[in-house]
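Me: I am new to this structure and would be grateful for a close look at its salt bridges. Please take them one at a time, and then place them beside a few other parts of the fold.

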Amino acid sequence: MNNSVEHIVEDYEGNLWFTSSRQGVMKIVKNRFSDISKFAQLEPMVVNSTCLKEGYLYVGTDNGLVILDKKYKEVENNLTNLLTGCRIRSVIVDRQGILWLGTNSDYGLVAYNVKKDSWKIYNVDSGLASNRARVVYQLKDGSIAVATNAGVNIIRDGKVAELYDADSGINNMEILCLEESPDGKIYAGSDGDGIYVIDQGKVSRLGLEDGLKSEVILRLKKDSAEEGLYWVITSNSIGYMRGDL
C-alpha cells in the first residue's frame, strides 16, 4: 500500500505539517533544547547548578566543577582542581563578577575571583553555620545570603555578619531556595515548613493557613514583568504571591 505526502505547510512557529494519503496529519517540531553534555562529550553526571559568565559555562555537579568554553570544550584550572570530588549545589556570579560556589564539603562557600585566579573560603572556621552550603543568592545591597543546613547566613564586606537559625524562628533548616523583595525582605523556601520571611532581623512564616498548597517549597522566582509578584513552586502545585499573601 503506497503512502504519499499530499501537502506541506509551515506554521508561524516554524513547525512543518504534512498531510498524507494514508497516515493522516503529521507534525515535525524542531527540538528547542540542546544536549550540551553530548556536545562536550561529558560522562553522565548529576548537575545541580549552572552559571554563565563571559562565555564560559560553570557547571556544579555532585563530583566537582565543570567549566565549558564557547565551543563546549572542557577547561581545567586551579578552581576545578580545588573542587575535585566536591558536591556543588549552587553557582552564581555577583554584580562585581565574583563567582560564588556553594559546596557540600570542607570548603563550604567559595568566592572565586576569575581575573585574579584567587579564592576565599567561608566555612565553619570563618563563622559559616555549616559547611553544607545549598543555596547562594546576592541581595540588593551587594551582600550574599547563603542557606546551609544549619541556618541562613549573610556575608557582608567579606565577613559572615548574620545568622538566622532555630533561635531566630527558622524551625526547618533545610532551605531549598531564596528570593528578595523590593523592600529588602528575604524569602526562604523550606523543605516542609513553608516560607520564612526575614525582615529587618526578624523571622515570620507563611504556611498552609496563608494559602500555600504545600509547605515543601521547591522554588521561589521573582516575576520579571510585575514587581512584587513571585512564583511559588511547591511539591504539588504552582502558585503565585504578591508581597506576603
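**Salt bridges and their surroundings**

Reply: R134 forms a salt bridge with E174, and the closest N and O atoms of this pair are 3.4 Å apart. R134 belongs to strand β12 (residues 133–138), whereas E174 sits in the loop between β15 (159–164) and β16 (175–180), so the pair ties together parts that are 40 residues apart in sequence. The model is a predicted one. Both partners are partly exposed: R134 has a relative accessibility of 27%, and E174 has a relative accessible area of 25%. In general terms, side chains of opposite charge can pair when their charged atoms come close.

A search of the whole structure finds eight such salt bridges. Some of them join up, for D193, R205, E209 and E215 are linked in a network of salt bridges. Within this network, R205 pairs with E209, their closest N and O atoms lying 3.0 Å apart. R205 also forms a salt bridge with E215, in which the closest N and O atoms are 2.6 Å apart. E215 is found in the loop between β19 (202–206) and β20 (217–222), and R205 is in strand β19, so this pair ties together parts that are ten residues apart in sequence.

The members of the network are not equally accessible, as the following values show. R205 is partly exposed, with a relative accessible area of 29%. E209 is exposed, at 56%. E215, in turn, counts as buried because its relative accessibility of 15% falls under the limit of 20%.

The loop that precedes β12 also deserves attention. S130 is placed in this loop, between β11 (118–122) and β12, and at 10% relative accessibility S130 counts as buried. Two polar contacts of its side chain can be named. One reaches the backbone nitrogen of R132 at 3.1 Å, and the other, of 2.4 Å, joins S130 to the side chain of N149. When neighbours within four places in sequence are left aside, S130 is in contact with V124, T148, N149 and A150.

Strand β20, which follows the loop of E215, is part of an open sheet of three strands in the order β20-β21-β22, with antiparallel pairing. β20 and β22 (238–242) are its edge strands, each with a single partner, so one side of each is left without a neighbour in the sheet. Ignoring direction, neighbouring strands of this sheet are turned by 25° against each other on average. Five bridges connect β21 (residues 229–234) and β22 in the antiparallel sense, and W231 has Y240 in β22 as its bridge partner. In general, strands of a sheet pair through backbone hydrogen bonds, either parallel or antiparallel.

An open sheet of four strands may be set beside it, with the order β4-β5-β6-β7 and antiparallel pairing. Its edges are β4 (47–53) and β7 (74–75), which have a single partner strand each, so one side of each is left without a neighbour in the sheet. β4 and β5 (residues 56–61) run antiparallel and are joined by six bridges. S49 stands opposite G60 in β5.

Conventions. Residues are numbered from 1 along each chain as its sequence is written. This is a predicted model: local features need pLDDT of at least 70, side-chain atom pairs count only at pLDDT 80 or more; totals for chains, interfaces and linings use all residues. Side-chain values use heavy atoms; hydrogens and water are left out. Two strands pair if DSSP finds at least two bridges between them. Helices (H or I, at least four residues) and strands (E, at least two) are DSSP runs, numbered from the N terminus. A salt bridge is a side-chain nitrogen of Lys or Arg within 4 Å of a carboxyl oxygen of Asp or Glu. Buried means under 20% relative accessible area, exposed over 50%, partly exposed in between (1.4 Å probe, protein chains only). A polar contact is a pair of N or O atoms within 3.5 Å; within protein, one must be able to donate a hydrogen and the other to accept it, and residues adjacent in sequence count only if both atoms are side-chain atoms. Contact means heavy atoms within 4.5 Å. Axes are lines fitted to C-alpha atoms, for helices over the stretch in contact, and angles run from 0 to 180 degrees between N-to-C directions.
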